[in-house]
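Grab a coffee and work through these exercises with the model open beside you. Try each task before you read its solution.

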Amino acid sequence: MSQLSQRPEKPVVGVPMPHESAAQHVTGSALYTDDLIHRTKDVLHAYPVQVMKAHGRIIALRTEPALAVPGVVRVLTAADVPGVNDAGMKHDEPLFPDEVMFHGHAVAWVLGETLEAARLGAAAVEVELDELPSLITLQEAIAAGSFHGARPVMLAGDVEAGFADSAHVFTGEFQFSDQEHFYLETHAALALVDEAEQVFVQSSTQHPSETQEIVAHVLGLHSHEVTVQCLRMGGGFGGKEMQPHGFAAVAALGAKLTGRPVRVRLNRTQDLTMSGKRHGFHATWKIGFDTEGRIQALDATLTADGGWSLDLSEPVVARALCHIDNTYWIPHARVAGRIAKTNKVSNTAFRGFGGPQGMLVIEDIMGRCAPLLGLDPMELRERNFYRPGQFTPYGQQVGQAERISAVWQQVKDGGRLAERRREIEAFNAAHPNTKRALAITGVKFGISFNLTAFNQGGALVLIYKDGSVLINHGGTEMGQGLHTKMLQVAATTLGIPLRKVRLAPTRTDKVPNTSATAASAGADLNGAAVKNACEQLRERLLEVAGTRLGASAADVRIVEGVARVLGTEAELAWDDLVRTAYLQRVQLSAAGFYRTEGLHWDAKAFRGTPFKYFSHGAAAAEVEVDGFTGAYRIRRVDVVHDVGDSLSPMIDIGQVEGGFVQGAGWLTLEDMRWDGGDGPGRGRLLTQAASTYKLPSFSEMPEEFNVTLLENATEEGAVYGSKAVGEPPLMLAFSVREALRQAAAAFGPAGVSVELASPATPEAVYWAIEAARGGDAGGGDDAREGGEVRVDTSALSHA
């Protein structure tokens, strides 16, 4: 076992414990960025001047009327920027634009003594616009040839030969929805400038170092003149990886120009209309199977709706391509990716980061094609699982391929799938207007950042004279429990009780050049860095203990806060050990670092080993559908998920449950609507609040929800044998969508192939039921010519 994965005697990791801030969360005492204004004197409030047109060039921007509003202090415009007027890493996102690129684009910001004064001031600003044509839908952008960014192509084997060898060939088209993050805390930043002109920004950001970088270049400063702190976030889900930078820069610019603290906090409507979403995708595909139903070849094009600027669209598309295989071996593949440029908000990272979109394409294909092949969907999926020694289409060997089958079989056995399917058949035979179905799907998700340089983490650990320990690391806490795990890692490595360890807020002046808390890599990178720092300190303290106890340092162990010599009664309490070390002038602080080894990625050739390992999981979902309305309920969900040796089981089970529900929301409920008409509201987001954007709630939770973590699953080369847990569980929700497809099919003749929109809202399920009753493929036509079946899935976008 590797040193990184090996656990010492009586570790604190692996012990179920609540979130370190759980009590503060539920009592309301936990502080978030916007709470800090009440502790800050003379704060100014910033309010955006939004232009409610989808596209146009600014002819005139008149700020004088705003300055006449009582309480308005200043209006920020492009002329006020001392550095670079850009808030993006691709330099394609002007902080103060001269061209409106989406409905609700902020072109200036008003600073007021009160939020109401700033709001009234923003309303008084006059913007003259030369309206320009706009592209709102993916179809419009594709038809216009409006694309930006890289256009990668993933190639494996000989695609034409693969199709020539296929007994069955199907083609189709599929479009599926974007998704709003809808974190509880909207975007927020609070900036102030001290007497040394040092800029200090409190920001709700997943990537403090990048926020620091953007703020610095907007202000024309060096990074060491800007400090960014993230206390905690009320949710992020990827929506605060790139998008907070501009809001932090506005606050910092206002503070620099006025000499007063400036607060930016978006209300919910502003957050929804100004910040990016999960990328909606359009896919065209062609797939070939042999006579046994094994995939021979896949040819697909994935088009992401990038919105008006690039943001993270390029790596999102790259990850989508890398995950279109999911758990299935595809010997011959050609998959192209491209990014549509539309006049909408710039879409960004969202839990799974393109992986869910790629995996949804292949899972939809499998569910759609199984009846056409005369196979049970469960059987079709099993026949195509990766086997040990096989490689992905981009050239990485699938390690632990046996776990794909292991978690699958454990769900089948633990969930009594065979028995329950017989019960469902009997129920469906007796109920003509209500049908049930049970579907199982798997997950293979690669862990690491696509950009190799991001796979590094840092930490700073301090031991004080009284034996207490303070840890700083580069990861941010957004409710996912990262800080809890880091406390457990530090206590385990030092061999002390958890109560001895405290964690400081994430700050760029404590740990520099950190990566975003994203890609499910937060615990892997920061945990290994914390462990590295603690190991340095422990080695120093073992030398002190050995000298004090008259033994070799190699014979000393620190367990539960006591240093003991092996085979003797000699011992030394932790506090005494630390005090002794201080008196001997032993350094009691250490900077830790970790870089993920073994990664290689050639973005142009689209080949390499981009992932440290794969996380695996399987889920079975049982649903009941009403044939009159399409309404449904999730009766039961059974999950087995691979998190290696869990660092914190209670936290991980919560992450699996939360990820599953968020995935089910994306696939079945969350229906984003944009005004695509030619009227004055063209480009407007129509679902601007929780009243019109349907989020999962208690009523959508499975009536029975069983989550099991895979046992005996140590991950070599990861911190204490654990695996990432943030993103992979979201894709387990494919099982719900596939169960709905099968339930809709149960209303029609045997073997009917059902198309299902995404999100599969009750309306969409109703239309799928109607199509099944008619015995067709959801309104499409199946024309068999020369062994090829044309599956027209255009109806998938009607929802």
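Below are three exercises, each with a worked solution.

A word on the ground rules first. This is a predicted model, where local features need pLDDT of at least 70 and side-chain atom pairs count only at pLDDT 80 or more, while totals for chains, interfaces and linings use all residues. Residues are numbered from 1 along each chain as its sequence is written, and side-chain values use heavy atoms, with hydrogens and water left out.

**Exercise 1. Describe the interface of domain 1 and domain 2.**

Step 1: find the domains. Domain 1 covers 399–450 + 610–776 and domain 2 covers 456–595; such bounds come from an automatic or database domain assignment. Their centres, taken over C-alpha atoms, sit 40 Å apart.

Step 2: look at the contacts (heavy atoms within 4.5 Å). Here 21 residues of domain 1 meet 21 residues of domain 2.

Step 3: get the buried area, meaning the accessible area (1.4 Å probe) that two parts lose on being put together, summed over both. For this pair of domains that's about 1,500 Å², with 61% from carbon and sulfur atoms.

Step 4: check for salt bridges (a side-chain nitrogen of Lys or Arg within 4 Å of a carboxyl oxygen of Asp or Glu). The rule finds 1 across this interface.

**Exercise 2. Work out how strand E20 fits into its sheet.**

Step 1: lay out the strands. Helices (H or I, at least four residues) and strands (E, at least two) are DSSP runs, numbered from the N terminus. The open sheet has 8 strands in the order E3-E5-E1-E12-E9-E10-E11-E20, with mixed pairing.

Step 2: look at the ends. E3 (72–76) and E20 (506–507) are the edge strands, each pairing on one side only.

Step 3: inspect the pairing, which takes at least two bridges found by DSSP between two strands. E20 and E11 (residues 226–230) run antiparallel to each other, joined over 2 bridges. Opposite Arg507 in E20 you'll find Gln229.

**Exercise 3. Which parts of the chain does the salt bridge of Glu113 and Arg260 link?**

Step 1: start with the total. The structure holds 55 salt bridges.

Step 2: pick out this pair. The closest N and O atoms of Glu113 and Arg260 are 2.7 Å apart.

Step 3: place both ends. Glu113 lies in the loop between strand E5 (105–112) and helix H3 (115–124), and Arg260 in the loop between helix H7 (244–258) and strand E12 (262–265). So the answer is distant parts of the chain, 147 residues apart.
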